[in-house]
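Here is a short set of exercises to work through with the model open in your viewer. Try each task on your own before you read the solution.

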Amino acid sequence: MKTHAPAASSSSSSPSATRTAELDCLVVGAGPAGLTAATYLARFHRRAVVVDAGRSRARWIPTSHNCPGFPFGVAGPALLEKLRAQAVGYGAEIVSGRIARLERDGDAFIACADDGTRWTARYVILATGIVDQMPSMPGLEDAIARNVVRMCAVCDAYEASDDRIAVYAPADVAIRHAVFLRTFSRNVVAVRSEAGEPSDACARLAQEARVSVLPVARSLEHDGRCCVFRLEDDSVHRFDTVYPVLGCNAQSELATALGAQVDENGELHVDGHQQTSVDGLFAIGDIVSALNQISVAVGHAAIAATSVHNRLPPNFREDPEAQPPSAAELPSPGGA
Ligand SMILES: Cc1cc2nc3c(=O)[nH]c(=O)nc-3n(C[C@H](O)[C@H](O)[C@H](O)COP(=O)(O)OP(=O)(O)OC[C@H]3O[C@@H](n4cnc5c(N)ncnc54)[C@H](O)[C@@H]3O)c2cc1C
């Protein structure tokens, strides 16, 4: 087994080396949440490493128009690059890899990567996100890049205002999302992704919002400008925009293996400091049971990183010539 500890200088690297010093904090995941936490921790002069498997949801974003501070929009990959440059610029170390196991070791945690690299850390911040269930469709990535398939109505329904919109999901889910989208367009329908009738409550919602519920789709394609559904009754329907809502997999296994509590979607419950129900284990961003948005993820990150800093032993600036105080002279750590 290799053991990895932070390098003295800023870097973005592959895991390799051999030091055993305990980190102040290990951050798992380098999407907007994890990268922001890394910037905060580095600016608190804390020893933190970020380990990342490289699959941020933000990489799918063609242009985000609701990200604060970008009045002309920002592409997901460009935003990730800026957040990474900011973290590394303050000395954060970002390592490529996937944490496969997280264990308790007294007051600390031991994290093991797929390749056997191990980190010991006093605190861990999980920023592992979710993975969307995508529809089966030729050229899906291209469809998202061209905004004919969109993944998040809160993010970008404004840009689809007055489009012909379909929500593709099981009946009740499709109706609830379609009703939300009626704020943006008169022309919204629900297309069933599987057999099944809507509940009475959802059927009423659909009627009140004038949302039609179409039969189950047999196929979904796009031609670069529109999406085309072929339904099980052989009818063909074209839409400017399709929102698939097929569920997602919360990447919370590292936490649940330690007993952390999750909601019905597998997303983590946290307290006001972003701490999970496991002491010392924090969670931020989409993996938390909350609104899945970049602005929420970076807010979570600020709260968690500050809580971690406040719970760690003080790291006072000292005169390099002076003798360090003995442990008995140090105050006990303050609360976050
Ligand atoms: C098409 C699309 C458009 C969107 N548009 C917008 C928008 O306009 N505005 C907006 O606010 N939001 C938008 N979002 C949502 C936004 O992308 C997410 O809210 C945001 O990326 C969440 O950040 P995060 O850091 O929590 O998770 P992510 O960005 O998903 O990052 C999680 C990271 O953790 C890594 N990871 C997971 N497990 C492990 C492990 N075990 N070990 C190591 N690394 C691991 C992953 O590989 C990934 O790199 C959009 C999403 C999509 C799909």
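What percentage of the 336 residues in the chain is buried? Buried residues make up 46% of them. Keep in mind throughout that this is a predicted model.

**Exercise 1. Describe the chain as a whole.**

Step 1. Begin with the secondary structure: the chain has eight helices and 16 strands.

Step 2. Then turn to the contacts with a sequence separation of 6 or more: 59% of them join residues 24 or more positions apart.

**Exercise 2. Characterise the packing of helix H1 against helix H8.**

Step 1. Locate the two elements: H1 covers residues 32-43 and H8 covers residues 294-311.

Step 2. Fit the axes. They come within 8 Å and cross at roughly 35°.

Step 3. Assign the hand: the crossing of H1 and H8 is right-handed.

Step 4. List the residues that make the contact. H1 contributes Pro-32, Ala-33, Thr-36, Ala-37, Tyr-40 and Leu-41. From H8 come Ile-294, Ala-297, Val-298, Ala-301, Ala-302, Ala-305, Thr-306 and Val-308.

**Exercise 3. Find the aromatic pairs and analyse two of them.**

Step 1. Search the whole structure; the result is five aromatic pairs.

Step 2. Take Tyr-168 and Phe-229. Their ring centres are 5.3 Å apart with 45° between the planes, and the pair is tilted.

Step 3. Place this pair on the chain: Tyr-168 belongs to strand E9 (residues 165-169) and Phe-229 to strand E12 (residues 227-231). With the two positions 61 residues apart, the pair links distant parts of the chain.

Step 4. Check accessibility: Tyr-168 and Phe-229 are both buried.

Step 5. Now take Phe-180 and Phe-184. Their planes are at 50° and their centres 6.2 Å apart, so this pair is tilted as well. Phe-180 is partly exposed because its relative accessibility is 41%, while Phe-184, at 18%, counts as buried.

Step 6. Look for a cluster: Tyr-168, Phe-229 and Phe-239 form one.

**Exercise 4. Identify charged groups that sit over aromatic rings.**

Step 1. Inspect Tyr-90: the charged end of Arg-43 sits over its ring, 4.7 Å from the centre.

Step 2. Inspect Phe-109: Arg-104 lies over its face, at 4.2 Å from the ring centre.

**Exercise 5. Work out the surroundings of Gln-275.**

Step 1. Place the residue: Gln-275 is in the loop between helix H7 (253-256) and strand E16 (281-283).

Step 2. Is Gln-275 buried or exposed? Its relative accessibility is 12%, so Gln-275 counts as buried.

Step 3. List its contacts, leaving out residues up to four places away in sequence. Gln-275 touches His-269, Val-270, Gly-280, Leu-281, Phe-282 and Arg-311.

Step 4. Look for polar partners: the side chains of Gln-275 and Arg-311 make a polar contact at 2.5 Å.

**Exercise 6. Compare the settings of Asn-147 and Arg-210, two residues with positive phi.**

Step 1. Read the backbone angle of Asn-147, which is not a glycine: phi is about 65°. Arg-210 is not a glycine either, and has a phi of about 55°.

Step 2. Place them. Asn-147 lies in the loop between helix H3 (140-145) and helix H4 (153-156); Arg-210 lies in the loop between helix H6 (200-209) and strand E11 (212-222).

Step 3. Classify their accessibility. Asn-147 has a relative accessible area of 28% and is therefore partly exposed. Arg-210 counts as exposed because its value is 62%.

**Exercise 7. Set two more loop residues, Ser-185 and His-45, in their surroundings.**

Step 1. Start with Ser-185, in the loop between helix H5 (171-181) and strand E10 (188-192). Its relative accessible area is 3%, so Ser-185 is buried.

Step 2. Find its partners beyond four places in sequence: Asp-162, Asp-163 and Ile-165 are in contact with Ser-185.

Step 3. Turn to His-45, in the loop between H1 and strand E3 (48-52). At 53% relative accessibility, His-45 counts as exposed.

Step 4. Apply the sequence filter of Step 2 again: with neighbours within four places set aside, His-45 is in contact with Asn-315 and Arg-317.

Conventions: Residues numbered from 1 in each chain as written. Predicted model: local features only at pLDDT ≥ 70, side-chain atom pairs only at ≥ 80, totals over all residues. Heavy atoms only, no water. Helix = DSSP H or I, 4+ residues; strand = E, 2+ residues; numbered from the N terminus. Buried < 20%, exposed > 50% of the residue type's maximum accessible area, 1.4 Å probe, protein only. Polar contact = N/O pair within 3.5 Å; in protein donor to acceptor, adjacent residues only side chain to side chain. Contact = heavy atoms within 4.5 Å. Phe/Tyr/Trp six-rings, centres within 6.5 Å; stacked < 30°, edge-to-face > 60°. Lys NZ or Arg CZ within 6 Å of the ring centre and 35° of its normal. Axes fitted to C-alpha atoms, helices over the stretch in contact; angles between N-to-C directions. Left-handed = near helix turned anticlockwise from the far one by under 90°.
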